[in-house]
There are 2 protein chains.
Amino acid sequence: MPAAATPRKDEDDRLQPVFRALADPTRRRILRDLAREPASIAEVASRFEMSRPAVVKHLAILREGGLIAVAPRGRERINVLKPDNLKSASQWLSFFDAFWDDKLAKLKHAVETDYARSKKR
Amino acid sequence: MPAAATPRKDEDDRLQPVFRALADPTRRRILRDLAREPASIAEVASRFEMSRPAVVKHLAILREGGLIAVAPRGRERINVLKPDNLKSASQWLSFFDAFWDDKLAKLKHAVETDYARSKKR
DNA sequence: ATAACGTGAAACCAAAAGGTTTCACATGCC
DNA sequence: GGCATGTGAAACCTTTTGGTTTCACGTTAT
């Protein structure tokens, strides 16, 4: 099992607006809702207690993260899930897959025993 | 392919500190570094331009997210990657797997064509 | 013992986040 | 035309975030 490539910095820059968008529970819920079906701004906002402008701001951040697309329909603006960047985030996380099974046990063991008294410099 | 279960709210609560921890590029870099090998606070801080207390705060947030564990070794505190919650975040994202291939095309098509003029209420 | 090292923790600060209310404007329906 | 609806956007407020400097304390090495 070859070591997974370390994510590079510029790749991380690209992912920053994605992880930022995912950091808020309201935005995550919006994503789940839009996964079921596209919805206008008013429809999305109606599912939350907060004001519509607050929801609009969340939608803007989701758009900055490239997680949703917006299509005008008459006087409405329909928001659609755009899962591509979710996939990118998922792939970033998959970098750690190797450690879930492979290295985790080793590292844990290392710290809890030998590592604790070796490594003098 | 059965529809993936919708993530529940309390599950999302549990994931909040994880996504919060992942939202900062410094913290993501720390995770990558610790994936290579455990390190003391001083060692981690030495890799960044910012002050040590700033790094300590980031480590605290990573700990709150359950993404790292800390083991004292003499006067040092060794930080170790704890990937379990990364896996949880990864699984949350995998909820959208279905849409990457299955529904995406449909939704896109729906919005761009028929959806645009149907759905009167 | 004393000096150096690693850490903890407080006080402080500027900027960003997340929310509100308010008002203007465009579109669709009667 | 006129009114209701959907949206955009500004101004404002409070809390959180991410950083700093400073100092105290425990541990290790000489």
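## Where the two H5 helices meet

In this predicted model, A:Leu86, A:Ala89, A:Ser90 and A:Leu93 of H5(A) touch B:Leu86, B:Ala89, B:Ser90 and B:Leu93 of H5(B). Sorted by class, that H5(A)–H5(B) contact comes out at six nonpolar residues, two polar ones and no charged ones.

How do the two helices sit relative to each other? H5 covers residues 84–94 in chain A and residues 84–94 in chain B, and the pair packs at an angle of about 155 degrees with axes 9 Å apart. Angles over 145 degrees count as roughly antiparallel, so that is the label for H5(A) against H5(B). As for handedness, H5(A) goes past H5(B) in a left-handed crossing.

## The sheet in chain A

Chain A has an open sheet of three strands, ordered E1-E3-E2 and paired antiparallel. The edge positions go to E1 (39–40) and E2 (68–73) of chain A; each has a single partner strand, so one side of each has no neighbour in the sheet.

E1(A) is tied to E3 (residues 76–81) of chain A by two bridges, and these strands run antiparallel. If you want a spot to look at, A:Ala39 sits opposite A:Asn79 in E3(A). Helix H2 (residues 25–36) of chain A packs on this sheet and touches E1, E2 and E3 of chain A. The direction of H2 makes about 95 degrees with that of E3(A).

## The hairpin in chain B

Over in chain B, E2 (residues 68–73) and E3 (residues 76–81) run antiparallel, joined by six bridges. One residue to pick out is B:Pro72, whose bridge partner in E3(B) is B:Arg77.

What happens at the turn? The hairpin of E2(B) and E3(B) has two residues between the strands, and B:Gly74 takes a positive phi near 65 degrees.

## How far to trust chain A

Chain A has a mean pLDDT of 83, with 74% of its residues at 70 or more. Which helix of chain A has the highest confidence, and which the lowest? H4 (residues 52–64) of chain A is at the top with 97, while H6 (residues 97–112) of chain A is at the bottom with a mean of 59.

Then there's the stretch at residues 111–121 of chain A, where the pLDDT is below 50. Leaving aside near neighbours in sequence, residues 111–121 of chain A have 17 contacts in the model.

Conventions: Residues are numbered from 1 along each chain as its sequence is written. Chains are lettered from A and ligands numbered from 1 in the order in which they are written. This is a predicted model: local features need pLDDT of at least 70, side-chain atom pairs count only at pLDDT 80 or more; totals for chains, interfaces and linings use all residues. Side-chain values use heavy atoms; hydrogens and water are left out. Axes are lines fitted to C-alpha atoms, for helices over the stretch in contact, and angles run from 0 to 180 degrees between N-to-C directions. Helices (H or I, at least four residues) and strands (E, at least two) are DSSP runs, numbered from the N terminus. Angles under 35 degrees count as roughly parallel, over 145 as roughly antiparallel, 65 to 115 as roughly perpendicular and the rest as oblique. A crossing is left-handed if the near helix is turned anticlockwise from the far one by less than a right angle, and right-handed if clockwise. Contact means heavy atoms within 4.5 Å. Ala, Val, Leu, Ile, Met, Phe, Trp, Tyr, Cys and Pro count as nonpolar, Asp, Glu, Lys and Arg as charged, and the others, Gly among them, as polar. Two strands pair if DSSP finds at least two bridges between them. pLDDT is the predictor's confidence in each residue, from 0 to 100.
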